[in-house]
Amino acid sequence: MNRKINIAEIKLTEEEIEAAVRVLRSGSLRQGKECAAFEEEFAKKVGTKYAITCSSGSAALHLAYMSFLEPCDEVLVPSFSFIATASMVCMAGGKPIFCDVDSETFLIDLKDAEKKITPRTKAIAPVHLFGNPCDIDQIKAFAKKYGVIIVWDAAQAHGATYKGKDIGSFDEFVCYSFYPTKNMFVGEGGIVCTNNLEFAEKLHYMRTHGQTDKYYHTILGLNYRMTDVEAAIGREMLKRLDSMLHIRRRNAALLTEGLAEIPGITPQKLTPNTEHAWHQYGVLVDPEEFGCDKDTLLQRLQEKGIASGIAYPRGLHQQPVFKKMYGKQQLPVSEHIATRVLNLPVHHGLSVSDVEYIVDAVKECRRY
Ligand SMILES: Cc1ncc(COP(=O)(O)O)c(C=O)c1O
């Protein structure tokens with residue numbers, strides 16, 4: 001009999017629901033004590049000095065970019081990512097410069113980024129895509145060489161590590177999302193981690209209209225606050241992040257083992273010296289070798305009760321909005337990945353037998 005397997009597990013535990021209800025009962029619905037405590041606990045968990053909660057992962061990126069970008073400054077972004085990686089650069093007055101990605105890790109290709117450096121390059125925004133950490137030392141060396149700021153897009157990478165250190169501990173900005181489907185989820189929410197006091201203070205004020213004193217505004221900002229209800233859920237969920245990650249890593253290992261023998265299925269390659277956070281289990285489907293393309297495989301898995309996904313069906317430079325703004329560009333690797341990528345369920349709600357069912361289903365789809 002067919003099972004019903006979702007692409008993400010977004011149920012809250014009783015403790016998380018109780019934490020939210022406790023705040024609702026208290027009548028303190030706005031940003032307050034819970035947000036402050038969540039910031040302190042999240043910062044401690046990832047090993048950074050400061051953490052600033054906000055209303056989404058997009059808000060986290062926007063705040064980071066707003067804090068240092070000047071009009072027409074350029075930011076190097078990987079083209080194979082979610083829209084916010086690049087659109088928040090535009091919203092902060094800058095220009096995203098689309099870079100290609102590595103064909104195996106799907107992460108920003110520094111050789112391509114290097115070709116795109118100009119006197120206007122102000123920052124680089126590497127994405128730890130699907131939870132696969134970038135080679136942080138290489139990117140830090142690149143940033144130092146060209147004098148650019150790093151905005152890590154860690155929306156998908158809660159709990160990922162690089163050389164034994166949490167990816168949230170690295171300068172200057174590390175931006176997370178708590179959107180449902182992410183490794184940690186509170187409804188809508190985000191957080192920016194930084195070790196830089198000056199940036200931390202700026203972000204702190206910017207998320208509340210640049211208010212440095214009651215009705216006294218020294219910089220421009222927005223209302224990007226998180227509420228205490230979401231923060232209370234986040235505080236509770238932080239306690240089970242490690243156990244959720246443990247299950248994701250077990251599931252990913254089982255998928256990797258099970259899919260290894262299937263011709264035409266190539267999983268995302270892991271960066272050495274890292275621990276992947278497995279927000280997504282991304283594979284490339286070679287239609288010739290596998291026998292059908294990723295869209296057909298998605299459809300066939302759906303018939304077996306397995307929800308898979310396609311993140312992302314096109315590179316950012318291929319998005320109509322950016323084509324209109326910056327014209328047609330070609331980034332062959334991003335385009336190639338977008339035609340072949342499929343995301344299989346790997347989340348913490350899956351049992352060993354669910355994962356075996358997914359592996360068997362992929363095998364059967366090949367023989368369809
Ligand atoms: C890579 C990446 N960056 C940024 C975001 C934006 O996060 P949010 O949806 O919380 O605004 C997401 C969320 O999907 C993401 O996957």
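**Exercise 1. A salt bridge at helix H14**

Is glutamate 364 buried or partly exposed, and at what relative accessibility? Once you have that, find its salt-bridge partner and place both residues.

*Solution.* Keep in mind throughout that this is a predicted model.

- Step 1: glutamate 364 comes out at 37% relative accessibility, so it counts as partly exposed.
- Step 2: the salt-bridge partner of glutamate 364 is lysine 304, with 2.8 Å between the closest N and O atoms.
- Step 3: lysine 304 has a relative accessibility of 17%, so it counts as buried.
- Step 4: glutamate 364 sits in helix H14, while lysine 304 is in the loop between H11 and helix H12 (320-326), so the pair ties together parts 60 residues apart in sequence.

As an extra, look for the network made by salt bridges with shared partners: Arg22, Glu34, Glu41 and Arg235 are joined in it.

**Exercise 2. Two more lysines**

Work through the salt bridges of lysine 45 and lysine 116, and say how accessible each residue is.

*Solution.*

- Step 1: the count of salt bridges comes to 18. Lysine 45 pairs with aspartate 242, the closest N and O atoms being 2.8 Å apart.
- Step 2: lysine 45 belongs to helix H2 and aspartate 242 to helix H9, so this bridge ties together parts that are 197 residues apart in sequence.
- Step 3: both ends are partly exposed, lysine 45 at 32% and aspartate 242 at 46%.
- Step 4: lysine 116 meets aspartate 112 in a salt bridge, 2.8 Å from N to O. Here aspartate 112 is buried at 11%, whereas lysine 116 is partly exposed at 22%.

**Exercise 3. The buried face of H11**

Which residues of helix H11 (residues 294-303) are buried, and how are they arranged around the helix axis?

*Solution.*

- Step 1: pick out the buried residues, which are Lys294, Leu297, Arg300 and Leu301.
- Step 2: look down the axis of H11. These residues fall within an arc of 120°, so they line one face of the helix.
- Step 3: recall the helix geometry. With 3.6 residues a turn, residues three or four places apart in an α-helix point the same way.
- Step 4: see what the buried residues of H11 pack against. The strands are S12 (265-267), S14 (281-285) and S15 (341-344), and the helices are H10 (287-290), H13 (332-340) and H14 (352-367).
- Step 5: move on past the helix. H11 is followed by glycine 305, which has a positive phi, near 85°.

**Exercise 4. A covered helix**

How many residues of helix H8 (residues 228-238) are buried, and what covers them?

*Solution.*

- Step 1: H8 is mostly covered, with 10 of its 11 residues buried.
- Step 2: the buried set includes Asp228, Glu230 and Glu236, as well as Val229, Ile233 and Leu238.
- Step 3: the cover over the buried residues of H8 includes helices H1 (14-26), H2 (33-46) and H9 (241-259).

**Exercise 5. Where the domains meet**

Describe how domain 1 and domain 2 meet, using contacts, buried area and salt bridges.

*Solution.*

- Step 1: set the bounds. The domain assignment gives domain 1 as 14-238 and domain 2 as 242-367.
- Step 2: the two centres, taken over C-alpha atoms, are 25 Å apart.
- Step 3: 45 residues of domain 1 are in contact with 39 residues of domain 2.
- Step 4: about 3,300 Å² is buried between them, and carbon and sulfur atoms give 62% of that area. On the domain 1 side, Phe80, Phe98 and Phe130 lose the most area to domain 2, together 22% of what that side buries.
- Step 5: two salt bridges are counted between the domains.

**Exercise 6. Cysteines without a bond**

Why is cysteine 175 not bonded to cysteine 54?

*Solution.*

- Step 1: a disulfide is a covalent bond between the sulfur atoms of two cysteines. The cut-off you need is 2.5 Å between the sulfurs.
- Step 2: the closest cysteine sulfur to that of cysteine 175 is in cysteine 54, 7.7 Å away, which is too far for a bond.
- Step 3: try cysteine 193, where the nearest cysteine sulfur is that of cysteine 175, 8.6 Å away; cysteine 193 is in no disulfide.
- Step 4: check the surroundings. Cysteine 175 is buried at 1% relative accessible area, and cysteine 193 is buried at 0%.
- Step 5: searching the whole structure turns up zero disulfides.

Methods: Residues are numbered from 1 along each chain as its sequence is written. This is a predicted model: local features need pLDDT of at least 70, side-chain atom pairs count only at pLDDT 80 or more; totals for chains, interfaces and linings use all residues. Side-chain values use heavy atoms; hydrogens and water are left out. Buried means under 20% relative accessible area, exposed over 50%, partly exposed in between (1.4 Å probe, protein chains only). Helices (H or I, at least four residues) and strands (E, at least two) are DSSP runs, numbered from the N terminus. The arc is that of the directions from the helix axis to the C-beta atoms. Contact means heavy atoms within 4.5 Å. Domain bounds come from an automatic or database domain assignment. Buried area is the accessible area (1.4 Å probe) that two parts lose on being put together, summed over both. A salt bridge is a side-chain nitrogen of Lys or Arg within 4 Å of a carboxyl oxygen of Asp or Glu.
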